[in-house]
Amino acid sequence: MSDVHQLERSPVNLDGGTVLAAWERFVQGEDQDPDVRPLVAISWHRCREQYRVDPYLTEAPVAVAELDHTPERDVVLAELGFRAASLAREVGSLGGVVTVTDATGRILAEWGDQATLARAGDPNLAPWFCWSECAVGTNGIGTALEAHGPVTIRGAEHWCQVLHDWAGAGIAVRDVVTREPIAVLNVCCWRSRLPASTESWLANAATMTQCPLKRRARDSGAELVAAYTRARAQSGAALAAVDTAGKVVIADDMASAVLGVPACTPAVDPTLRWNPGLPELITAARYATGQAISNPDWVGSTQIFAHLADEPTSISIRPVFSSGRLIGNLVSFGATDGAELPQAERVVHLRARPRRLVATRDHRMVLLRLPEVSFAESHGNDVWLSTDQGRLRATSLSLDKLEGELAGAGFLRVHRRYVVNLSRVREIERGLKGELSLVMDDRAAMVPVSRRHAPAVRHALGI
């Protein structure tokens, strides 16, 4: 943040009163919030309807006991601690505070202006206290855990009234494989505006912190492919290797047909791995991760519904370790080796699909029936829906998450930027070089099909 200019001192009300008035109406039960940014409006809905946070809470609660964590967490926290400490003098000279939290929103350390740190002690903006949304509502730390990219919360945008004199910006550093948050870096100040460059500095800090995670994930992908190759030499069963998030790193011919992904094509880079869109497989992979951490010899089995299958398919899951670290799982199809997954983890409880999608328009929440949605498109940090009501922004944080929500409901990933409603496809156009494009039923939009997703598209559409 070397180009930061002096903080602009401003009145206690950081938003001119419009957001404060909207906040007062919203906490009283109204849903109309035209003066509030969509990011904040969605967060307020979570605070009121899901987390039920008291907007008149005066201090953050003590954090719960620490959860088990991975070596990646220690690397991230050490790196963020270094970056925060190096920024502390500059932020402190501007009257600000820098904090680092874990994935639960628990503040681990803070640096900055001593007077601001003392004032931050009143609402417990201090180490050992929890600042997740479910604990204290909308704020720079907690809302960053719920979103992708940097988040700024100013004045009355905070859910709790006691924070209306504060402005904060945070960003979550996420695991490059699972996309789950690992830690949050946050900058905040009291009765002052944050420098305009704060969000860009946070984004750069997160990107630099993730670099070693990406290198390690690529190495793990190569090791997972090697484990798959060894297993293929010993068994004739359909086999795939998936990472800890349930994404496919490599699959043989038979497994690729079941999963709807390209065959025998390694996807070592975590950003290029295939998401088969099977929630049951993702749930099983995550359950296997939890079991393998406490018992490295664990092997389990369950059933999943594969693409275009009317009956469930049996799978066996065997965790793969490298240097004592879990890197993924080998999935054998048609096998029932190992302990059966608990009933709660099985397919019978996973077939329910969302009946509606939530989007925003003019600061209002729009509830969409699935047939109304033609396709979803990722654009920057947002996901946009092409619908019968026009183009609307989805509340889903990423296209990957939306794809998982819609898996088994007739939607398919056809490109890294697109998920389509197969029932809305009317024509398929082939380009001069064999590339495919899907013409949707309104004939106003054409969705490109990437080469890596073309086999799954052909299989799904029967072409």
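This passage looks at a sheet, the helix across it and a set of salt bridges in a predicted model.

The sheet is an open one, built from six strands with mixed pairing, and its order reads E7-E6-E10-E9-E8-E11. Strands E7 (248-251) and E11 (339-340) sit at the edges; each has a single partner strand, so one side of each is left without a neighbour in the sheet. Further in, strand E9 (residues 313-322) runs antiparallel to strand E10 (residues 325-333), and eight bridges join the two. Within this pair, Ile-317 stands opposite Val-331 in E10. Helix H7 (residues 198-232) lies across E6 (238-242), E7, E9 and E10, at about 35° to E10.

Turning to charged side chains, the whole structure holds 20 salt bridges. One of them pairs Glu-133 with Arg-46 at 2.7 Å, N to O. That contact links distant parts of the chain, with Glu-133 in helix H5 (residues 133-136) and Arg-46 in helix H2 (residues 38-51), 87 residues apart. Glu-133 is buried, at a relative accessible area of 1%, and Arg-46 is buried too, at 16%. Arg-46 also forms a salt bridge with Glu-146, where the closest N and O atoms are 3.9 Å apart. Here the link runs from helix H2 to helix H6 (residues 140-146), spanning 100 residues. Glu-146 counts as partly exposed, with 21% relative accessibility.

Elsewhere, Asp-165 and Arg-191 form a salt bridge, their closest N and O atoms 3.5 Å apart. Asp-165 lies in the loop between strands E3 (151-154) and E4 (166-174), while Arg-191 is in the loop between strand E5 (181-190) and H7, so the pair ties together parts 26 residues apart in sequence. Arg-191 is partly exposed, at 30% relative accessibility. Finally, salt bridges with shared partners join Lys-247, Asp-400, Glu-403 and Arg-413 into one network.

Conventions
Residues are numbered from 1 along each chain as its sequence is written. This is a predicted model: local features need pLDDT of at least 70, side-chain atom pairs count only at pLDDT 80 or more; totals for chains, interfaces and linings use all residues. Side-chain values use heavy atoms; hydrogens and water are left out. Two strands pair if DSSP finds at least two bridges between them. Helices (H or I, at least four residues) and strands (E, at least two) are DSSP runs, numbered from the N terminus. Contact means heavy atoms within 4.5 Å. Axes are lines fitted to C-alpha atoms, for helices over the stretch in contact, and angles run from 0 to 180 degrees between N-to-C directions. A salt bridge is a side-chain nitrogen of Lys or Arg within 4 Å of a carboxyl oxygen of Asp or Glu. Buried means under 20% relative accessible area, exposed over 50%, partly exposed in between (1.4 Å probe, protein chains only).
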